[in-house]
Amino acid sequence: MASPSQAELAKSLAMAQQELDYRVDLFNRMTSSCFEKCMDRRYKDGELNVGEHSCVDRCCAKYWQVTGIVGQMLGAQGQGM
Amino acid sequence: MASPSQAELAKSLAMAQQELDYRVDLFNRMTSSCFEKCMDRRYKDGELNVGEHSCVDRCCAKYWQVTGIVGQMLGAQGQGM
Amino acid sequence: MASPSQAELAKSLAMAQQELDYRVDLFNRMTSSCFEKCMDRRYKDGELNVGEHSCVDRCCAKYWQVTGIVGQMLGAQGQGM
Amino acid sequence: MNSAMEGMEDLPEAQRNALLQKIEELQVRDSLRTYNSVVERCFVDCVSSFRSKNLDSTEERCVTYVLRKVFEACARVGMRFGEMSSQSEQQMQQ
Amino acid sequence: MNSAMEGMEDLPEAQRNALLQKIEELQVRDSLRTYNSVVERCFVDCVSSFRSKNLDSTEERCVTYVLRKVFEACARVGMRFGEMSSQSEQQMQQ
Amino acid sequence: MNSAMEGMEDLPEAQRNALLQKIEELQVRDSLRTYNSVVERCFVDCVSSFRSKNLDSTEERCVTYVLRKVFEACARVGMRFGEMSSQSEQQMQQ
């Protein structure tokens, strides 16, 4: 196979960057939103209790579903994007 | 006209990037601020009503004026910046 | 001393970028957090009063201590980082 | 802020293409961030019960409403933004 | 969104290294930003008195609690995120 | 975090210039973002009536007050930040 040109490399690098950037941004927003929604802000100890654990799980699942609905409505191809 | 050097190209690219970055950032902040200020958060339907429409228009105008005042006070040349 | 290779230059540039990025981000968060915590939001005039001055000073000191605790708990080497 | 774009016609083609590609990349990046911020707004404003791991019908409807309102608001701000930008540029040229 | 990574094996080694190094840089940058955002959350949620310039013991304890909770939540979200990502990819391949 | 800057004197001039230019670009970018965030704070804290499309005198005055307070606070944080940074560096060198 022919080695990719400089321009092709630059493009694939840019795409990889964008993909990473997108995923990190999504993860960070999911984490902070679910922290806001699920944590008891009095912070009586340093562990998640049972309720907080299951809240975080469900929160992630619902957040993911919202990305799906938005993605569909935007006509984006694929689920995760 | 002589073709621009690599360094000049890099500089003009950097300036174009900064310009775009600045405008996108301004637009995003204007949009989210005016959404916060103008929308009825009960979301009873999926369209802006008459009041929300004119609120958004006025909100944009006022936001723009604030950028002007801040720009003037910072001694920046030009209105939009 | 041998001149650094292109790859070494790119690496040191990347590190300098990251360092700057980190410091600017920290400074901005400290400034906005301390503004939120210390300012009387009625904005009766355009200067900080005595209480706001000393609040900002203490706020910065405490913010810095929090970066230290978090850094230590993350096992990061060094204080500022 | 316009000098960079205005100089573009003077660039040789290869360099102009490089610049345009970079700008396109930035636009993709920005639209992905916008997408993420819209998702976040829909989620924060519409979802607040975590007894189930599936969205209920009220939450789903809310998400579609917010989304449509965001788009409409965004388009409107975009129009105003464009008008005000070109007015400012005209004033600067006088 | 996966085409960029999937094409990586086809790149010559020098170029693959350049790409991997760039990705590593982005990861360092992201982890520094995460660090700053965690610090900010601890500060905002735990510190609200400014009569002294030193953290008192209640504030210090709060900071460690928030930090531990943030990590636990972050790890949990990370697990769920990974599961949901791979499920989506599987569905797309069908 | 200081190694990158400390190595700078060892770089050949052309490369040092490239590095310095990159840093300057980042500073421009950061100051434009700061400008936008200051505008946003002024707007959010000072403007809440939308019966007219022009700022009234109370809103204008508020904007100038917030702006001056932001600068003063920013300068003060900058001083403290500098002091604390250099103290930390001294402690690290001991």
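This note goes through chain interfaces, helix crossings and salt bridges in a predicted model.

1. **Chain A against chain E.** The contact takes in 44 residues of chain A and 39 residues of chain E. Putting the two together buries about 3,900 Å². Carbon and sulfur atoms give 67% of that area. On the chain A side, A:E19, A:Y43 and A:W64 supply 16% of the buried area, more than any other three residues.

2. **Salt bridges between A and E.** The rule finds 9 salt bridges across this interface. One pairs A:D21 with E:R29, with the closest N and O atoms 3.4 Å apart. Another salt bridge links E:K69 to A:E52, where the closest N and O atoms are 3.1 Å apart. E:K69 sits in helix 3 (residues 57-93) of chain E and A:E52 in helix 2 of chain A, so this pair joins two chains.

3. **Chain C against chain E.** Here 26 residues of chain C touch 31 residues of chain E. The buried area is about 2,800 Å², and carbon and sulfur atoms give 66% of it. C:Q18, C:K37 and C:K62 lose the most area to chain E on the chain C side. Together they account for 24% of what that side buries.

4. **Salt bridges between C and E.** The count for this pair of chains is 3 salt bridges. E:R33 and C:D21 meet through their side chains in a salt bridge, at 3.0 Å from N to O. For the whole structure, over all chains, the search finds 57 salt bridges.

5. **Helix 2 of B on helix 2 of F.** Helix 2 of chain B covers residues 50-73, and helix 2 of chain F covers residues 13-46. Their axes lie 9 Å apart, and the packing angle is about 125°. Angles over 145 degrees would count as roughly antiparallel and 65 to 115 as roughly perpendicular; the two helices are therefore oblique to each other. The crossing is right-handed. Chain B contributes B:C59, B:K62, B:Y63, B:V66, B:T67, B:V70 and B:G71 to the contact. From chain F come F:Y35, F:N36, F:V38, F:V39, F:E40, F:C42 and F:F43. By class, the contact residues are 9 nonpolar, 3 polar and 2 charged.

6. **Helix 2 of A on helix 2 of D.** Helix 2 (residues 50-73) of chain A and helix 2 (residues 13-46) of chain D cross at roughly 125°. Their axes come within 9 Å. These helices are therefore oblique to each other. Helix 2 of chain A passes helix 2 of chain D with right-handed sense. On chain A, the contact is made by A:C59, A:K62, A:Y63, A:V66, A:T67, A:V70 and A:G71. The chain D partners are D:Y35, D:N36, D:V38, D:V39, D:E40, D:C42 and D:F43. The class split for this contact is 9 nonpolar, 3 polar and 2 charged residues.

7. **Helix 2 of B on helix 3 of D.** Helix 2 of chain B also meets helix 3 (residues 57-93) of chain D. The axes come within 10 Å and cross at roughly 40°. Roughly parallel needs an angle under 35 degrees; this pair is therefore oblique. The crossing is right-handed. From helix 2 of chain B, the contact uses B:E52, B:H53, B:V56, B:D57, B:C60, B:A61 and B:W64. Helix 3 of chain D brings D:K69, D:E72, D:A73, D:R76, D:V77, D:R80, D:F81, D:M84, D:S85 and D:S88. The contact residues divide into 8 nonpolar, 3 polar and 6 charged.

Conventions
Residues are numbered from 1 along each chain as its sequence is written. Chains are lettered from A and ligands numbered from 1 in the order in which they are written. This is a predicted model: local features need pLDDT of at least 70, side-chain atom pairs count only at pLDDT 80 or more; totals for chains, interfaces and linings use all residues. Side-chain values use heavy atoms; hydrogens and water are left out. Axes are lines fitted to C-alpha atoms, for helices over the stretch in contact, and angles run from 0 to 180 degrees between N-to-C directions. Helices (H or I, at least four residues) and strands (E, at least two) are DSSP runs, numbered from the N terminus. A crossing is left-handed if the near helix is turned anticlockwise from the far one by less than a right angle, and right-handed if clockwise. Contact means heavy atoms within 4.5 Å. Ala, Val, Leu, Ile, Met, Phe, Trp, Tyr, Cys and Pro count as nonpolar, Asp, Glu, Lys and Arg as charged, and the others, Gly among them, as polar. Buried area is the accessible area (1.4 Å probe) that two parts lose on being put together, summed over both. A salt bridge is a side-chain nitrogen of Lys or Arg within 4 Å of a carboxyl oxygen of Asp or Glu.
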